[in-house]
Amino acid sequence: MKIRVKRIPEEGKKYAFKVDTKKANRYFTLLKTSDFSATTDLEGRIEVSNLEGMVIVEGNIEVNLKMRCSRCLGPFPYLVSRHFRSVYAPFSETCQEEDVELKSYDMDVSTYNGVDLDLDNVLFEQVFLGMPAQILCRPDCKGLCPACGVNLNHETCRCDAPIPHTPFTVLKKLKLKG
Ligand SMILES: [Zn+2]
Ligand SMILES: [Zn+2]
């Protein structure tokens, strides 16, 4: 959903809206981030205000994701639910005026085209910011055995001998004997 920045009243405006699961996943696919997908609609409740062309968006987003563990490659659910506040400055202004003024906001400032702000993009950005730094199904995930590939969370294998026997270690032993 796009909003005309000029039409945002001075006192701000509240929006409650959804990006449906299919649309969210199309977007994630476009970004080639196939390691996760949405399993519910992306819901946002935000308040938008316009400070002489600077758009301030504050609110909450929530979406359930299915992610892929970076260690064991297994799927696991993850809820992104966050409160955020971000500022969007018209693109041309940020280029001219440096960021002296913007610094006083003490938050990340993004840009928009100066005419309308795409709220879908605002929410998608927040999904990425709400993802865990380490993508693990659980903090102590044991991962896959590098030798035989079994999922060490569910199975044990016999690969954990510290030094694998290679022809060279066998050769060494033979030499010592001789
Ligand atoms: Zn895992
Ligand atoms: Zn193994």
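## Reading the model

A residue is called buried when its relative accessible area is under 20%, exposed when it is over 50%, and partly exposed in between, using a 1.4 Å probe and protein chains only. This is a predicted model, in which local features need pLDDT of at least 70 and side-chain atom pairs count only at pLDDT 80 or more, while totals for chains, interfaces and linings use all residues. Residues are numbered from 1 along each chain as its sequence is written, chains are lettered from A and ligands numbered from 1 in the order in which they are written, and side-chain values use heavy atoms, without hydrogens or water.

## Zinc ion, ligand 1

Let's begin with the metal sites. Which residues hold the zinc ion (ligand 1)? Its protein donors are the SG atoms of Cys69, Cys72, Cys137 and Cys141, at 2.3 to 2.4 Å. (Donors are N, O and S atoms within 2.8 Å of the metal, or 3.2 Å for Na, K and Ca; water is not among the atoms, so sites may look incomplete.) Along the sequence, these donor residues follow the spacing C-x2-C-x64-C-x3-C.

The arrangement around the zinc ion (ligand 1) is tetrahedral because its four donor atoms subtend angles of 106 to 114°; four donors earn that label if all angles lie between 85 and 135 degrees. For comparison, the ideal angle for four tetrahedral donors is 109.5 degrees. Cys141 is buried at 4% relative accessibility, whereas Cys137 is partly exposed at 28%.

## Zinc ion, ligand 2

The zinc ion (ligand 2) is coordinated at 2.3 Å by the SG atoms of Cys145, Cys148, Cys157 and Cys159. Here the angles among the four donor atoms run from 106 to 111°, and the site is tetrahedral. The spacing of the donors along the chain is C-x2-C-x8-C-x1-C. Cys145 and Cys159 both lie in the loop between α3 and α4 (167-177), so the pair ties together parts that are 14 residues apart in sequence. (Helices, H or I of at least four residues, and strands, E of at least two, are DSSP runs numbered from the N terminus.)

With a relative accessible area of 8%, Cys145 is buried, while Cys159 is partly exposed at 32%. If you scan the loop between α3 and α4, you will also find Gly149 there, partly exposed at 41% relative accessibility. Gly149 and Cys159 are 10 residues apart in sequence, and their C-alpha atoms are 9.9 Å apart in space.

## Salt bridges

How many salt bridges does a search of the whole structure find? There are three, each defined as a side-chain nitrogen of Lys or Arg within 4 Å of a carboxyl oxygen of Asp or Glu. One of them joins Asp120 to Lys23, with the closest N and O atoms 2.7 Å apart. Asp120 sits in helix α3 (residues 119-129) and Lys23 in helix α1 (residues 21-30), so this pair ties together parts that are 97 residues apart in sequence. Asp120 is buried at 8% relative accessibility, whereas Lys23 is partly exposed at 36%.

Arg85 and Glu58 form a salt bridge too, their closest N and O atoms being 3.1 Å apart. Because Arg85 belongs to strand β6 (residues 75-90) and Glu58 to strand β5 (residues 54-68), the pair ties together parts that are 27 residues apart in sequence. Arg85 counts as partly exposed at 40% relative accessibility, and Glu58 is partly exposed at 29%. Arg138 and Asp140 also meet through their side chains in a salt bridge, at 3.1 Å from N to O. Arg138 is partly exposed, at 34% relative accessibility.

## Aromatic rings and a nonpolar patch

The whole structure contains six aromatic pairs. (Rings of Phe, Tyr and Trp, the last by its six-membered ring, pair if their centres lie within 6.5 Å; planes under 30 degrees apart count as stacked, over 60 as edge-to-face and the rest as tilted.) Phe36 and Phe128 have ring centres 5.8 Å apart and planes at 80°, so the pair is edge-to-face. This pair links distant parts of the chain, with Phe36 in strand β3 (residues 36-38) and Phe128 in helix α3, 92 residues apart. Phe36 is buried at 7%, but Phe128 is partly exposed at 30%. Ring pairs link Tyr27, Phe28, Phe36, Phe124 and Phe128 into a cluster.

Phe128 also joins Leu30 and Leu31 in a nonpolar surface patch of about 300 Å². (Patches take residues with over 30% relative accessible area and no salt bridge, joining like charges within 9 Å and nonpolar side chains, namely Val, Leu, Ile, Met, Phe, Trp and Tyr, within 5 Å; accessible areas come from the Shrake-Rupley method with a 1.4 Å probe, and for residues only the protein chains shown count as cover.) Leu31 is in the loop between α1 and β3 and is partly exposed at 42% relative accessibility.

Technical notes
Four donors count as tetrahedral if all angles lie between 85 and 135 degrees; four count as square planar and six as octahedral if opposite donors are over 155 degrees apart and all others between 65 and 115; anything else is irregular.
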